[in-house]
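Here is a friendly walk through one structure and its two ligands. Please keep the sequence and the 3D view open as you read.

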Amino acid sequence: MNSLETIRKKVIECTKCELCKTRTNSVPGKGNFQSDVIFVGEAPGRNEDKYGEPFVGAAGKRLSAALEDAGMSRDQVYITNVVKCRPPNNRVPNSDERNTCQEYLKEEISIIKPKIICILGNTAFNSILGGSEITKFRGKVVRKDNQMYFLTVHPAATIYNQELINVLKGDIKKLFDLITELKNDKEISADIEYSS
Ligand code: URA
Ligand code: SF4
């Protein structure tokens with residue numbers, strides 16, 4: 001059993017925060033453990049809670065479309081969330097829930113060792129880098145503690161905004177161009193340096 005499977009089991013059984021009381025299923029990360037990139041969303045929604053898989057609802061369709069547009073498929077990458085159980089009525093997960101669940105995300109990152117982490121939307125931006133105003137910072141590359149991050153909008157935000165789907169698609173293409181450069185051992189310069 002590899003360690004991602006261990007995390008998966010821990011997440012499925014986890015009762016460390018209040019969200020365990022209202023979830024149907026916890027939603028562990030899913031995808032290729034050799035992926036160069038981890039996509040990180042906010043928290044499961046209704047469909048994810050029902051099926052126990054990340055990004056399988058309407059937002060997931062948008063994410064898949066953006067990946068396909070960049071010539072990638074979901075099984076080539078790893079997709080997860082800051083918080084692994086659905087908050088009631090899809091409210092934003094609170095800081096206690098985010099901090100408690102963070103351990104799993106840290107473990108996923110330390111096993112996969114992605115070249116870059118793609119942050120999807122404000123909740124992930126805030127939880128992982130303490131940032132806000134993703135629409136202002138999207139498309140940018142961040143370096144913190146020797147880890148590269150790429151910022152983009154949340155796929156759910158594109159559902160009622162046709163223009164944003166093109167923004168998301170453009171960003172995801174840029175992300176995979178950056179990954180190609182990283183794989184060829186090219187130095188890519190960060191737009192923003194964060195210190196911890
Ligand atoms: N929104 C998220 O942030 N994550 C999912 O898995 C689905 C919708
Ligand atoms: Fe555990 Fe995270 Fe689910 Fe809370 S949200 S019960 S910490 S897996």
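Around ligand 1 you will find G41, E42, A43, E48, P54, F55, N81 and H154, where being near means having a heavy atom within 4 Å. This shell holds three nonpolar, three polar and two charged residues; Ala, Val, Leu, Ile, Met, Phe, Trp, Tyr, Cys and Pro count as nonpolar, Asp, Glu, Lys and Arg as charged, and the others, Gly among them, as polar.

The model is a predicted one, in which local features need pLDDT of at least 70 and side-chain atom pairs pLDDT 80 or more, while totals for chains, interfaces and linings use all residues. Residues are numbered from 1 along each chain as written, chains are lettered from A and ligands numbered from 1 in written order, and side-chain values use heavy atoms, without hydrogens and water.

The table lists polar contacts of ligand 1, that is, pairs of N or O atoms within 3.5 Å.

| Ligand 1 atom | Protein partner | Distance |
|---|---|---|
| oxygen | E42, polar backbone atom | 2.8 Å |
| oxygen | F55, polar backbone atom | 2.9 Å |
| nitrogen | N81, polar side-chain atom | 2.7 Å |

Of the 240 Å² of accessible area that ligand 1 has on its own, the protein covers 91% (Shrake-Rupley method, 1.4 Å probe).

Now for ligand 2. Its neighbours are C14, K16, C17, C20, R23, V83, K84, C85, T100, C101 and Y104. By class, they are seven nonpolar, one polar and three charged residues.

What about aromatic pairs? There are two of them, counting ring centres within 6.5 Å, with planes under 30 degrees apart called stacked, over 60 edge-to-face and the rest tilted. F39 and F176 form a tilted pair, 6.5 Å centre to centre with 45° between the planes.

Key: Polar contact = N/O pair within 3.5 Å; in protein donor to acceptor, adjacent residues only side chain to side chain. Phe/Tyr/Trp six-rings, centres within 6.5 Å; stacked < 30°, edge-to-face > 60°.
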